[in-house]
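Here are my notes on this one, as numbered points. Have the viewer open while you read.

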Amino acid sequence: MALSASLFLRQNQSLVMTPQLMQSIQLLQMTHIELTQFIAQEVEKNPLLDVAALDTDFAQNDTHGIAPGAEAAPLRDDHEGEDRDAASGGEDDQSEWYDSRHGLGGAHLVEQLDVSFENVFPDDLPQARPDAPELISQWKSMPGSEGGQSYELDDFVAARVSLHDHVAQQVPLLLSDINERVVARHLSDQLDDAGYLQADTAEIAERLGVGIAFVENVLRSLQTLDPPGIFSRSLGECLAIQLKQKDRYDPAMQALIEHLDLLAKRDFATLRRLCGVEDEDLIEMLAEIRQLDPKPGSRFDTVVSEAIVPDVVVRSGADGGWAIELNPDTLPRVLVNHSYFRTVSKTVTRQSDGQAFLSECLQNANWLTRSLDQRARTIMKVATEIVRQQDAFLVHGIEHLRPLNLKTVADAIKMHESTVSRVTSNKYMLTPRGLFELKYFFTVSIGSGAGGDAHSAEAVRHRIRQMIAQETAEAVLSDDDIVISLKKAGVDLARRTVAKYREAMNIPSSVQRRREKRAMAKIPASG
């Protein structure tokens with residue numbers, strides 16, 4: 001068969017993922033913080049982008065925009081300035097009249113007494129300190145302030161002491177030998193956030209070329225530092241160190257610490273036999289254990305918890321419905337500075353690289369503003385449909401949470417499921433029932449035993465949690481009992497599913513709950 005080259009035309013359609021389309025998809029699943037950081041990077045690269053700050057009126061009404069570069073001038077009453085000037089001038093004139101009449105002027109008094117106030121009362125003179133602000137207006141940078149350097153209170157806040165810094169301050173007071181301090185430094189470097197030692201003493205001894213006994217002696221010394229229980233290698237050792245410092249580590253308490261697994265299982269009968277104590281003594285020992293700190297290093301946690309800012313706010317409407325609005329604090333107002341583009345375009349030639357750069361910046365800026373607007377509209381559509389589907393939940397509570405999936409919302413708003421999934425990721429809604437993630441409203445459907453409406457998995461878990469919270473020590477519900485109760489309420493659920501939900505909510509088994517409730521019931525009698 002002979003091979004030959006030929007030319008022909010073919011027309012087909014294909015979806016091409018342009019950089020702008022990929023950017024729009026990424027914007028959908030970004031959180032408020034990620035979106036703010038992304039816009040800051042784009043503003044830094046693109047000279048045609050401006051970010052308008054939210055003022056009070058915009059945050060409340062969201063009706064007025066702010067032009068780039070525009071500043072709000074502070075309101076000032078003209079008569080107020082005249083009155084203030086007149087008042088200050090009157091005080092100056094009165095002071096001068098009083099000094100000249102009674103001979104109390106500063107220069108006149110210095111000549112008569114041949115002294116200087118600077119030598120007699122040096123502390124009464126104003127002294128300029130460049131390291132600390134003198135005026136209260138300088139503590140906070142306020143819009144409209146003129147002149148002078150502004151100060152922020154955060155600049156004068158002391159840094160938080162970390163766990164390693166706290167230990168490093170105590171080591172020189174505890175150890176005097178230089179070799180012991182070197183070992184102590186290596187041991188402190190192996191501390192985790194909870195204050196536990198995550199290293200093997202044999203490895204540290206081999207690395208430093210010292211004996212294991214030497215490292216163990218240094219470790220025992222470090223275990224006496226503050227906070228109590230630090231440098232422990234296990235939970236039992238941590239609790240034992242704290243009990244020893246309280247002089248409460250007797251043989252009975254030692255037996256209890258050595259069998260913490262039985263304590264976790266609520267096997268109080270076996271613990272009472274191993275410790276050789278009565279019920280009242282065991283209850284007192286358990287009360288002392290609860291007062292100990294299982295994570296002594298957690299008080300030095302330097303991780304700052306950030307408050308969640310809702311993306312959507314739902315309120316009760318005047319017409320009996322729901323008023324849904326986007327949170328203006330999470331909506332960055334990115335504006336395109338067309339006046340700057342026209343000004344710069346006049347100074348560059350059409351065929352130069354500068355003109356091509358400006359055109360690209362303008363195109364990217366327009367695309368970004370449209371993408372942000374489309375993102376806000378998409379979030380609003382998804383949130384509105386979720387509120388419509390979960391109206392009973394907002395009115396009556398979690399017991400009326402309906403089963404919902406992504407396809408139902410996607411079909412209602414005529415979008416793809418992947419788009420709805422990206423919108424609901426890491427987005428939060430503030431409702432009269434509390435703050436919820438958008439994905440919270442999407443739950444698995446559980447069939448009804450009587451052939452009625454399906455139940456939401458989250459509502460069923462809440463019902464199981466309520467049933468267990470209301471049980472008593474004499475009538476502890478097993479998983480089979482919970483299945484029977486749910487079936488009477490019209491929820492068809494298997495026993496293994498009930499066990500899975502219970503374990504996911506960190507609820508112990510019926511045997512462990514019965515032991516714990518019986519032990520807790522004896523506490524008032526012992527007091």
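**Notes on the model**

1. Let me start with a charged side chain that is tucked away: glutamate 385 is buried, with a relative accessible area of 9%. Keep in mind throughout that this is a predicted model. The partner of glutamate 385 is arginine 388, and the two side chains meet in a salt bridge with 2.6 Å from N to O. Arginine 388, on the other hand, is exposed, at 54% relative accessible area. Both belong to helix H17 (residues 353–389), and because they are three residues apart there, about one helical turn separates them.

2. Now the overall picture. The protein chain has 25 helices and eight strands. Of its 527 residues, 32% are buried. Among contacts in the chain with a separation of 6 or more, 60% come from residues 24 or more positions apart. The chain exposes about 34400 Å², and carbon and sulfur atoms supply 51% of that area.

3. Back to salt bridges: how many does a search of the whole structure find? The count is 16. Another one to look at joins arginine 299 and aspartate 293, whose closest N and O atoms are 3.5 Å apart. Here both partners are partly exposed: arginine 299 has a relative accessible area of 47%, and aspartate 293 has 23%.

4. Arginine 495 and aspartate 479 are worth a look too, with side chains that meet in a salt bridge at 3.9 Å, N to O. This pair links distant parts of the chain, 16 residues apart: arginine 495 is in helix H23 (residues 495–504), while aspartate 479 is in helix H22 (residues 479–488). Aspartate 479 is buried at 14% relative accessible area, whereas arginine 495 counts as partly exposed at 44%. The pair also belongs to a network of salt bridges that links Asp479, Asp480, Arg495 and Arg502.

5. On to the rings. The aromatic pairs come to six. In one of them, the ring centres of phenylalanine 393 and phenylalanine 441 are 5.7 Å apart and the planes stand at 80°, so the pair is edge-to-face; the cut-off for that label is over 60 degrees. The two rings come from distant parts of the chain, 48 residues apart: phenylalanine 393 sits in helix H18 (residues 391–396), and phenylalanine 441 in the loop between strand S6 (434–437) and strand S7 (445–446). Both are buried, phenylalanine 393 with a relative accessible area of 2% and phenylalanine 441 at 1%.

6. Why does the pair of phenylalanine 436 and tyrosine 440 count as stacked? Their planes are at 25°, with the centres 4.8 Å apart, and stacked pairs are those with planes under 30 degrees apart, so the label fits. Phenylalanine 436 counts as buried at 15% relative accessibility, but tyrosine 440 is partly exposed at 21%. For these two, the cut-off matters: buried means under 20%, so phenylalanine 436 at 15% falls on one side and tyrosine 440 at 21% on the other. Taken together with the pair in the previous point, ring pairs link Phe393, Phe436, Tyr440 and Phe441 into a cluster.

7. One more ring, this time with a charge: arginine 461 lies over the face of tyrosine 501, at 5.1 Å from the ring centre.

8. Where is leucine 175? Look in the loop between helix H7 (163–174) and helix H8 (178–189). Despite being in a loop, leucine 175 counts as buried, at 4% relative accessibility. Leaving aside residues up to four places away in sequence, leucine 175 touches Glu180, Arg181, Ala184, Val218, Ser221 and Leu222. For serine 221, which is 46 residues away along the chain, the C-alpha atoms are separated by 8.3 Å.

9. Last, the surface. Leu15, Met17 and Met22 form a nonpolar patch there, with about 330 Å² of accessible area together. Within the patch, methionine 17 lies in the segment before helix H1 (19–28), and methionine 17 is partly exposed, at 44% relative accessible area.

Definitions and conventions. Residues are numbered from 1 along each chain as its sequence is written. This is a predicted model: local features need pLDDT of at least 70, side-chain atom pairs count only at pLDDT 80 or more; totals for chains, interfaces and linings use all residues. Side-chain values use heavy atoms; hydrogens and water are left out. Rings of Phe, Tyr and Trp (its six-membered ring) pair if their centres lie within 6.5 Å; planes under 30 degrees apart count as stacked, over 60 as edge-to-face and the rest as tilted. Helices (H or I, at least four residues) and strands (E, at least two) are DSSP runs, numbered from the N terminus. Buried means under 20% relative accessible area, exposed over 50%, partly exposed in between (1.4 Å probe, protein chains only). A charge sits over a ring if NZ of Lys or CZ of Arg is within 6 Å of the ring centre and within 35 degrees of the ring normal. Patches are made of residues with over 30% relative accessible area and no salt bridge: like charges are joined within 9 Å, nonpolar side chains (Val, Leu, Ile, Met, Phe, Trp, Tyr) within 5 Å. Accessible areas come from the Shrake-Rupley method with a 1.4 Å probe; for residues, only the protein chains shown count as cover. A salt bridge is a side-chain nitrogen of Lys or Arg within 4 Å of a carboxyl oxygen of Asp or Glu. Contact means heavy atoms within 4.5 Å.
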